[in-house]
Structure formats: C-alpha cells, structure tokens
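Hi,

Here's the structure I said I'd pass along. Have a look at it first, and my notes follow underneath.

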Amino acid sequence: MSQKYIIICLFMLALVGCGDNQSKPSKEPKFTNNLVNESSLYLKQHAHNPVHWEPWNDSLFNTAQDANKLLVISIGYASCHWCHVMERETFQDTLIAEYMNEKFINIKVDREERPDIDQLYMTAAQIMNGNSGWPLNVVALPNGKPLYAGTYHSKDEWEVVLKKMVSFYNQYPDKANEYANSIAAGVKQINAIIDIPKEQITLEDVKQAVDSWSEQWDLLYGGDKGGQKFMVPERISFLMKYAFLSDDQLANTHVKNSLDKMALGGVNDVVGGGFFRYSVDSQWKVPHFEKMLYDNAQLMSLYAQAYKNYQNELYKEVLEGLIEFTKNEMHDENGGYFASIDSNSEGREGGYYLWTKQELKEILNDDYELFESLYGIANEPFEGAYYNLYRSMSLEDYAKQNNLELANVKQRIEGCINKLAKIREERVKPVVDEKKITSWNALMINGFVDAYKALGDENLLNNAMNTAAFILNEGIDAKGELKHTLNDNVKSESGFLDDYAFTIDALIELYKVTLDEMYIDKASGLMDKVMKLFYEPDSGMFTFNQGTVVFSELVKTDDGVIPSPNTLMAKNFFQLYHIKGENAYESYYEKMLSNMKPSLIKHPANYAKWLNLSLNEAFPFYEIVIVGENAFSKVNKINNNYLPNSIVIGTKEPSTLSLFENRYVEGQTFIYVCQNKTCKLPVKEVEVALEQMSDF
C-alpha cells in the first residue's frame, strides 16, 4: 500500500468537529422510511428521518452491488445519548439526507437485536481507530466490507466523511477494495482461535497476570485508570476471589475501594436505586444516565458476593437498592425484564435525575443541611445549576465523624430519599426500551440467585425461578432452539451463543439452590443444542452465531462489560463435569482454558472471567455435597458464606447424578467435603464441614 494512500486513509479516519442542533420535528411526521414497521424502539426512533433507512437485510448487498453504491451502516441502541444527538443534529438534516439517499444504501441496526452485526463492525472500527463506541457509523463497500468507521458525527463532519468516501471510491476503486479487504482480513484474524496444546494454568501464571494488571489500577478512586470509567463487575469479582484465596492485601484493598467508590458515586442512583451505564470522569461522580439491564444484573451478583465476603452494610444497602430498582423500573408484569432506560428525559440528558439546590431546600426543609453535607451539593454542579447526587461517605462514617446516632441519621436520610422519590415520580420519565433479551434475563436469574444466597429472602429465589420459567416458556421455538428476544408478537432472531451460554449457566445456578434436577436436565438439553449449532471442533471454541456474518465468522472470547459467551461455555462444562461426572465435559473445558492462557496472561483486564475460571486450576477446588432430607436448609446455610472455588449441591432423595452415588442414607443428612476426588468423612453439621475445608 502506498504512502500517499495511507495518508489519505489516516485523514479520513481522523475527522472530528462540532455541529448545531436542528429544530424538533413536528407532531405530524413529514418523512417516513422503511423502519416504520420495525418492532425495535431504536429503529422506530429513526423511522421519520428524511434518510431512506432500511432495516438490515442480506438482500441489500445485492441492491448495492447492482447500483454500485456504497453502504452506510449505522448501529446504535435506544438508550444511547449520542445516538439521539446524532439522529437529531445529523440524520434529520434534509440536505444530508438527500446526499445519503442519492449516493448510498442506508441501513440502520439495533445492536441489541443484532449483536453479531455490531460485533463485526465494532471489531473493524477498533482495527481502524484503536477504539470505538456508539453510535457506530460505518461506510462499507457494496459487499459489506468496511471502508470507514467512526462514532458520533456532527452534520458538518458527516458531510465531509460521506463526500470523501464517495470521491475515494469513485476515483480509486482498486485502492478502496484493497483497504477494505485488509480490514476484513484483520477482522477474520482476530476471530481465528489457535488450538494450543493442553497446558495447565498455574498460580504463578495468575500472579503474573494480576501483577501486570495492578499497574493499571486506580488506587485512589477504584476501578482501572482512565478519564471515564465503566463498572465491569467481572473484573472486581475475579479480584475479590483472587484476594481471598491468595491473601493478596493490595488486591483486597483495591476491591473494597472500588466497591465503595462505585456505591457512593454518582453512577449509583441515590433516589431510585440501580446504576447508570458509566462515569465520564475518573471519580464515578458524573454519569451518562442510561441504565442497562446487563449492568444492574451483574452488579446485583457482585454486591451480593461482596456482602457475604465483607459483611459491609453499605454493600447490603446497594444490593437492596438494585433489587428494588429492577422490580420497580425494569420488570414486565407479564414476565421478564426490559433492556434499558433512556438517558434523556424531555430532551435533556439526565433531566429525570437532576436537582437544583433551591428544589432540594424546598423539598427537604430542616433536613437540607444534613443532606447537603452527605450528597455532594456543596461541590460544583453537574450542569448549569443542576446537581447529580452522590454520597461523600457511608452513613456509618458520617455518624461517627459528627458524633450522631446512626439510627437517627438513617431515619432522616431515608425520609429525604422518600420525599425526593415522590417528587421525581411526578416528572416525565425516560423512555424504557421494552425489548426483553434472553441472555440479559439469564443474568437477572443469576443476580437473584446470588442475592438469595446473601440475604436468604425466598422472594428472590421465586424471582429467579419465575424468570427461568419465562425464558423456558416463551424463549424456545418449535425446533427446541432459544430465541434472542422474548417479547410477545415480535419476530425474534435465532438465539446467539450468549443467549445459550448465559441461560445454561443460570439454570445450573438455579439447580444448585433449589436442588431441582429439572434445571440440570434443561441445561443439558441446551448444551446439546450449542454443540450442534456453534461448536468449532478444530479450535474447541464456539462461534457467536450460526454461520458467517457478511465476511467473517465471529468467535467472541474477550470480556467486555459482559463476559464472553465462550467463557461461560467453559464454566458450564466445568460445572456439569463436577455435577454429572462426564469426562467429555472436562476435556472441553480444559481445551478452552488452555487456548486462552496466552491472552489472559497478556491482557488480564480483558479476560477477567477466564482468570476467574483459572483459579479453579491454581487453587484447591472443593465439592460440597449434601444428601438427605434436610439438604435444602443446609445448602442455604452453607451458601450464606463466601466460598470461592467450590461447588455446593444437594439432594433430598436418592439421585443418579455422579456426586450423589452411594451417599443417600434414609432418615439422615450428611455433608461430604471433597477435593480432587478425595473426600473427608461425612459430617452432619455445616460448621464442621466448613472446618474440614480449611483443614484439607
């Protein structure tokens, strides 16, 4: 590739700028395009743009090639703030639309409906730019291979990009194809997994990974260093488990500090509970205000584990807030949980959540000074005169520092929160994307199971079982295969690997707390489907979808804000091996983990779930098996403890599952503690069993 061509490409990929707002559309839409009949909220939000948007359809490639037109592929989701801004400022501009309609085939994609398409072009964008985000705007050749990728563009920026792309393609078609082919080849290479000979991951490997990662930790504000921060629960979950097993005090301090800072920061909704998607600053104070189901489900699991481990009341408070938030704001009374809540209200980001100082004074009256000193109101406002609430310290610490009774502080603050909640209910609420995604609902099952283990509230177990029943009743098609979305009267894509992997994991977790073998049977049946639909025997890994997307297979192995489905499949193999004793499951698990060893050591932050699995190899792993009529109560009692690197299962009656073989004694309940196929003598008391674990 010539130096001149490289310079042209770099110039095209570096376009940035600012645009002006456009006026709001009238109530009667002037324009309507082919998104109007789609079920996706995000696509409907663009249905009255003057751009002739089309929903994704493979036939569009033929249309583009026949017309020799480039493609615009614009990807986003309903609660994305900058997606809304670009829709308003750029895609509603009639001159921009006229040019797009004349020169391009224009495709809109809801990334939550089609995560495979999103992943394909997101990978391309990362190759081109080093990073990416949403909205993701791609200019592609008629065959779908990417020529340009960027995120938010103002009207002026987008016009420059489009015209340069058209000019470049028309004047240098060979070079355009050469460049697009090179990007497509890069995407294929990233998705190619090398089959590595089996090699066990050692404790030294894990320590090496953690030591290199620790240089990126923000020891002052928690999380990893950076100008903006995402809550990535799996990273903290792994480090908490590692610190517990290895007695690593630096890691333990970092975990607690991260948990504290997130809990007290502006990313945690003080009034309504639940967490916003991420913070735009390094101190967790200023969020983007969209709320995602997958974040809050995983954070429910994380704070439940943290509460069991540290017995910190702040973590219990956060956990209870997450439970209330998902019940009140994201649960569909007909079953399942919605995908997300918009960041905007009445055209303003965060408008539903922000307060002026005068509002707070009028609402809180005599408690205002107490509230102000605890919730950051004395600091700089978020925007103009508006404040986003975050706490300066825990209620316990505040009471101690000010020589106040904790019970009185709690009562007064609770009263303040209730007053604010009542006022906020009168505001115009942000729009909820009522799409119900199978994999994200499975994460909610795990969140409720973990919360149940920590709090012992049977309502939480019922929530988990009801969500599982909803997936199993509504999410399986006539072929016995999972669907990607669970909404009534909505055409759903076939389930992707993450839908299967997360659902199987959730069913296994439900089995472990209910002792109902129906869940294991369902999980095993879905495992058979996964092997048929997604397994790649040459590498031992799984493709993200069934077949090729445009120009590449997809094999997702790195963890983003959600763990990779391949990691969950490895975990599923590991757990089913211990429960059912089938050696094939162990072989699949070992092959997958061995394949990932180089990556998790080199890039630990991006492979935290794999590192979590590797602790099963680096430290002793325990099987705690409870057999007898009192098994359910004893399982619950053991689960109330933080016991990483263990599997706890039980049965109240004789069972053919491997771990229960020859262990049932009528009228008795025994606990068996085993490690590496060696067991201690059976005992009857939970406390004695826990002592056996520490003295193996």
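In what order do the 3 strands of the open sheet come, and is the pairing parallel or antiparallel? The order is β6-β7-β8, and the pairing is antiparallel. Before I go on: this is a predicted model, so treat everything here as computed from it. In that sheet, β6 (229–230) and β8 (287–288) are the edge strands; each has a single partner strand, so one side of each has no neighbour in the sheet. Strand β7 covers residues 278–279 and is joined to β8 by 2 bridges. If you want to find the register, look for S279, which stands opposite P287 in β8.

Next, the cysteines. The structure has 2 disulfides, and with bonded cysteines counted along the chain they follow the pattern 1-2, 3-4. As a reminder, a disulfide is a covalent bond between the sulfur atoms of two cysteines.

One of them links C80 and C83, with the sulfur atoms 2.4 Å apart. The link is right-handed, with 80° about the S-S bond. C80 counts as buried because its relative accessibility is 3%, and C83 is buried too, at a relative accessible area of 2%.

The other joins C674 to C679, S to S 2.0 Å. That link is right-handed as well, with 100° about the S-S bond. Here the two ends differ in exposure: C674 is buried at 1% relative accessibility, whereas C679 comes out as partly exposed at 37%. And while you're looking at cysteines, C416 is buried, with a relative accessible area of 1%.

The last thing is a lysine you may want to click on. K634 sits in helix α25, which spans residues 631–639. What is the nearest side chain of opposite charge to K634, and how far away is it? It's E685, 4.5 Å away, and K634 has no salt bridge even though it is buried. The cut-off for a salt bridge is 4 Å between a side-chain nitrogen of Lys or Arg and a carboxyl oxygen of Asp or Glu, so the 4.5 Å to E685 doesn't make it.

What does a polar atom of the K634 side chain have 3.0 Å away? That would be the backbone oxygen of K684. Setting aside neighbours within four places in sequence, K634 is in contact with I626, T669, I671, K684, E685 and V686. Both K684 and E685 from above are in that list.

Cheers

Conventions: Residues are numbered from 1 along each chain as its sequence is written. This is a predicted model: local features need pLDDT of at least 70, side-chain atom pairs count only at pLDDT 80 or more; totals for chains, interfaces and linings use all residues. Side-chain values use heavy atoms; hydrogens and water are left out. Helices (H or I, at least four residues) and strands (E, at least two) are DSSP runs, numbered from the N terminus. Buried means under 20% relative accessible area, exposed over 50%, partly exposed in between (1.4 Å probe, protein chains only). Lys and Arg count as positive and Asp and Glu as negative; His and the chain ends are not counted. A polar contact is a pair of N or O atoms within 3.5 Å; within protein, one must be able to donate a hydrogen and the other to accept it, and residues adjacent in sequence count only if both atoms are side-chain atoms. Contact means heavy atoms within 4.5 Å. A disulfide is a pair of cysteine sulfur atoms within 2.5 Å. Two strands pair if DSSP finds at least two bridges between them.
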